[in-house]
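Dear colleague,

I am passing on the structure below, together with some notes on what came out of going through it. Please read the notes with the structure open beside them.

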Amino acid sequence: FIEPNLDTGPWIAGGAALRWYEGKSLDDHDVDIFCSSQEQYDNVNNKIYARCIDNPTAYCITKLFETDNASTLRIDKIVKNSDSLFGLNGIAISWKIQLIKKFMPANLDELLDKFDISVCKVATDFKKFKVNPEAARDIKAKRLYFPNGFKPDSLKRIVKYNAYGYTPDPDIWDKLFQVEGLVTKFHPNVGDYDNAF
């Protein structure tokens, strides 16, 4: 669907790439897709919809929501289950895809450098990974580190990645609660990208 390219984009980077790098399954995590231009974004979006529309018995696409930051889609792969009663079709696997439109970097290095959390500085094209050196260090140490400082909605990201097994630096709380306008109430599924890069 996406045809990622580490040299030119589109890029799959962040949490999904991190999970695959660690050898974990995607489970219910979303796949974040970044593009180098509006034209590339439109091409990826059109390809995804075309593939689903051209194969309605194989794929079903649902737009979950749209924000200024991303278009969030769910793609279900449908398989014929000959063992089921009446031979009904069933969903075999689903992917949640976020086409990021807030930030369109010129290249992969620019994208990885902008991530708020060091361990998110990972990208893949399904053949190989590009991992920022500080990301490799912090992934190995299971360290939750914000190399560019904190933003008002960093608390949500800390909670999320702490739940994934990453340990915040001991002084993180003192620094975090000094952030002006710190968001302490948030919806668990929306707004992850307001200040993620």
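In this predicted model, the buried residues of helix H4 pack against helix H1 (15-21), strand S6 (122-124), strand S7 and strand S8 (143-144). The residues in question are Glu134, Ala135, Asp138 and Ile139. Around the axis they cover an arc of only 130°, which puts them on the same side of H4. The other side of H4 carries Pro133, Lys140 and Ala141, which are exposed.

Both ends of this helix deserve a look. At the N-terminal end, H4 is capped by Asn132, with a side-chain oxygen of Asn132 placed 3.0 Å from the backbone nitrogen of Glu134. Asn132 itself belongs to the loop that runs between strand S7 (129-131) and helix H4 (133-141), and its relative accessibility is 12%, so that Asn132 counts as buried, the cut-off being under 20%. Leaving aside residues up to four places away in sequence, Asn132 touches Asp113 and Lys121. After H4 comes Lys142, which has a positive phi, near 55°.

Helix H2 can be described in a similar way, beginning with its length. For the 17 residues of H2 (residues 38-54), a rise of 1.5 Å a residue leads one to expect a span of 24 Å, and the end C-alpha atoms are indeed 24 Å apart, so the two values agree. Which residues of H2 are buried? They are Gln40, Tyr41, Val44, Asn45, Ile48 and Cys52. Viewed down the axis of H2, these buried residues fall within an arc of 135°, and they therefore line one face of the helix. On the face of H2 that is turned away from this buried side, one finds the exposed residues Glu39, Ile53 and Asp54.

As for the chain as a whole, it contains six helices and nine strands, and of its 197 residues 43% are buried. If one takes the contacts in the chain with a separation of 6 or more, 59% of them are accounted for by residues 24 or more positions apart. The area that the chain exposes comes to about 10,500 Å², of which carbon and sulfur atoms supply 51%.

With best regards

Note on methods. Residues are numbered from 1 along each chain as its sequence is written. This is a predicted model: local features need pLDDT of at least 70, side-chain atom pairs count only at pLDDT 80 or more; totals for chains, interfaces and linings use all residues. Side-chain values use heavy atoms; hydrogens and water are left out. Helices (H or I, at least four residues) and strands (E, at least two) are DSSP runs, numbered from the N terminus. The expected span of a helix is 1.5 Å times one less than its number of residues. Buried means under 20% relative accessible area, exposed over 50%, partly exposed in between (1.4 Å probe, protein chains only). The arc is that of the directions from the helix axis to the C-beta atoms. Contact means heavy atoms within 4.5 Å. Accessible areas come from the Shrake-Rupley method with a 1.4 Å probe; for residues, only the protein chains shown count as cover. A polar contact is a pair of N or O atoms within 3.5 Å; within protein, one must be able to donate a hydrogen and the other to accept it, and residues adjacent in sequence count only if both atoms are side-chain atoms.
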